[in-house]
Amino acid sequence: MLRIGPASLLASTLLYAGPAWSAEATGAGAAAPPVVAGQGTDAIDDAALVAAGSDPKDWITHGRDYAEQRFSPLEQVNESNVGRLVRVWTYPTGLTRGHEATPIVVDGVMYATGSWSVVFALDAKTGKELWRYDPEVPKAVGAKACCDVVNRGVAVYEGKIYFGALDGRLIALDAKTGKPVWQVVTVDQDKAYTITGAPRIVKGRVIIGNGGAEFGVRGYVSAYDTKDGKLVWRTFTVPGDPSKPFESEALEKAAKTWTGEWWKIGAGGTVWDSMAYDPQLDLLYVGTGNGSPWSRIERSPGGGDNLYLSSILALDPDTGELRWHFQTTPGDNWDFTATQHMILADLEIGGRSRRVIMQAPKNGYFWVLDRESGEFLSAKPYVEVTWSDGVDPKTGRPIENGSADYAKGLALVKPTAFGGHNWQPMSFNPKTGLVYIPAQEILGGYRIDPKPLLAKEHYNTGTDMAVFAAMTREIVAGHLLAWDPVAQKEAWRHPYAMPWNGGTLTTAGNLVFQGTADGRFIAFRADDGRQLWEFHTGSGVIAAPITYSVDGVQYVTVVAGWGGAFALAGGDAGAQGGQPSKGLVHTFALFNQPITPAMVEGLLSGRPDADAKREDLYHKWCSRCHGVTAISGGALADLRLSSPDVQSAFVEIVQKGMPGVGMPAFEGILSPDEIREIQTYVKSRPH
Ligand code: CA
């Protein structure tokens, strides 16, 4: 099997030859028009977004469709041939730190983000950069981000690209040029608000939330007009100062579930990631985050559920009004956010078809609710849960057992603030009926921080991070969990040595794809979990993969780039992966066509004379040790990655050799000019 990239001789030739290199491709030989940024984006309107799920070709909204299922009907790549998946291009983002984006693909153009809210448009077939936009977020803002300077991607609508910048701006770019059309500041920038989540577009409005519940902010979600960035509505998730008028009846009700002077310390409940939309019910779902601070006796000393922390909220997308809510962790005390990915599906439960919403939030329970009414249908632990002894079968309210209430002293709790599952998106395959969850097992230690709370703008959990640090040296692991949401039980699992693995993608080809913390990208059979294929990504993966097709060829893309909360704060456990943090957008497709002699002849005769001369010199003297394409097979250091010192001493090193490591001397065999020709060839090889 060829597991080689565009840098390889044959793969690059075949890549440029277009779809002919894939046996299943259609339209081979037809001259494709040049790829232009923005093409097809004018057609992304409300109707296109509603129909996104049935469009097999593109990936036009964050979770692929409004139901956020992350299921693709594409099956050119499937369980029988995924072993022949090869990398066809890699785009280095040039950025370090966490990369969490789900790319969007419209009509052969990919739009994705890296760290520091940098956006780029790429030719989805070749990885060629079409434009790049850096919003130049002031680096000081990084200190306000609890969980790395990450960004989870863009939204596209009627010719524009929308994204949130870490500093709280919402920015609209011209999809063709990457130039800003409008931008608005969505937060009070004197407070510790940040945006890391991807916007969604619903009925001509950009829906965007923010983060900051570790820093004493008050959570909210807003809707802006896509045309001009005008604010249409804003819904706060937790009540403010009760001596002032409440913004809504829902908040007046919520205030009855709070005690003390919560508004002075912020309260939390931020909408920092998950959303979904049901166009038939016309309901927008948002997940809300933890209390600020985490310790509830400091936040709401007289107790109370503290609505609407750690809840799923169903909102009217025209007004932002609350239609129903379901709180997954009443009186949150542990950073048990309900901001984890939500999936809408129709499931056969108890002999009738139910329109459900599903979530596996941090607290360890897998929830299935009726998404029209918010009615509780079922909940079961999808990882080990020690803080609660199950849920009330009628109300769905978790039954706290007291073991995790650290007001009385140190408490050991599972799951922990990192969650049984965090923001890494899960996926649902209607063919297998299974949900694929990036699950993790981390033991949490909670104790009231003996130090007083800091001012609101500072990191302020109210818990002693020293205890937390001690715990992350203990039990840490992860697994890909295939979960049956009807039976509420595990179907299969694939264990990993580390937690904090990537989001998942599932396809009609009976496949599940997931990247891992230790830098692999793996394909599994969706029905039984058998591993079918694996690729080494060069950096830990936390983002979720996507798939799309261009000119009849199915591609699979994953963004690698180790980082995020666990990589920052995970201590010894987070360092286990040892993966360098660098952003790499990897794209794969099937390598199907047998290599023929004519293909090789064609390639050799197609080289310019100077290139051929250099390459022949390299092959004559160097390639048997340093790789036929100047890509090291791994036994020796990769010449393409030589340090500047080695590059400048290249002629001398080759002349004198390195007897200590067995590198022969070429003085008298190769002239300095010939050695420089070889160096030029090596430098010309992509890496
Ligand atoms: Ca949090």
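Here are some short exercises with worked solutions on this predicted model.

**Exercise 1. Work out whether the overall dimensions of the chain fit a compact globule.**

Start with the expectation: for 687 residues, a compact globule would have a radius of gyration near 26 Å. The chain has 26 Å, so the two agree. Next, look at the box: along the principal axes, the C-alpha atoms fill roughly 85 × 55 × 50 Å. Then check burial, where 60% of the 687 residues count as buried. For the surface, about 25300 Å² is exposed, and carbon and sulfur atoms supply 54% of that. Finally, take the contacts with a separation of 6 or more: 63% of them link residues 24 or more positions apart.

**Exercise 2. Find how the chain is divided and how far apart the domain centres are.**

Domain 1 covers 41–590 and domain 2 covers 609–684. Taken over C-alpha atoms, their centres are separated by 47 Å. While you're scrolling through, the secondary structure of the chain comes to 13 helices and 39 strands.

**Exercise 3. Trace the open sheet that contains β33, strand by strand.**

Step one is the order: β1-β33-β34-β35-β36, 5 strands with mixed pairing. The edges are β1 and β36, each of which pairs on one side only.

Step two is the pairing. Strand β1 (residues 71–72) runs parallel to β33 over 2 bridges, and Phe 71 has Thr 506 as its bridge partner. On to β34 (residues 511–515): this strand is antiparallel to β33 over 4 bridges, with Val 512 opposite Thr 506. So Thr 506 shows up in both pairings, bridging to Phe 71 and standing opposite Val 512.

Step three is the connection. β33 and β34 make a hairpin with 3 residues between them, and Asn 510 in the turn has a positive phi of about 60°. Further along, β35 (residues 520–525) and β36 are antiparallel over 5 bridges, with Ala 523 opposite Trp 533.

Last, is β33 covered on one face or both? Both: Thr 504 and Thr 506 on one side are buried, and so are Leu 505 and Thr 507 on the other.

**Exercise 4. Pick out the hubs of the largest nonpolar core.**

This core has 96 residues, and Tyr 111, Trp 131, Phe 513 and Tyr 548 touch the most other members. Strand β38 (residues 553–560) gives the largest share, 6 residues. There's also a second, separate core of 43 residues, including Ala 67, Trp 387, Ile 442 and Ala 573.

Now zoom in on Trp 131. Leaving out residues up to four places away in sequence, its contacts include Tyr 111, Phe 120, Ile 161, Leu 173 and Lys 176.

**Exercise 5. Hunt down some unusual backbone angles and say where they sit.**

Keep the baseline in mind: most residues other than glycine have a negative phi, and most peptide bonds are trans.

First, the cis bonds. One joins Ser 292 and Pro 293, with omega about 0°; Pro 293 lies in the loop between β18 and α4. Another runs from Lys 414 to Pro 415, with omega near -5°, and Pro 415 is in the loop between β27 and β28.

Next, positive phi. Arg 97 has a phi near 70° and sits between β2 and β3 in a loop. Ser 117 has about 65°, in the loop between β4 and β5.

Which of these two is buried and which partly exposed? Arg 97 has a relative accessible area of 29%, so it is partly exposed. Ser 117, at 0%, is under the 20% cut-off and therefore buried.

Terms used:
Residues numbered from 1 in each chain as written. Predicted model: local features only at pLDDT ≥ 70, side-chain atom pairs only at ≥ 80, totals over all residues. Heavy atoms only, no water. Buried < 20%, exposed > 50% of the residue type's maximum accessible area, 1.4 Å probe, protein only. Pairing = 2+ DSSP bridges. Domains from an automatic or database assignment. Core = buried A, V, L, I, M, F, W, Y, C linked by side-chain atoms within 4.5 Å. Contact = heavy atoms within 4.5 Å. Rg over C-alpha atoms; globule rule 2.2 N^0.38 Å. Areas by Shrake-Rupley, 256 points an atom, 1.4 Å probe, with all protein chains shown as cover.
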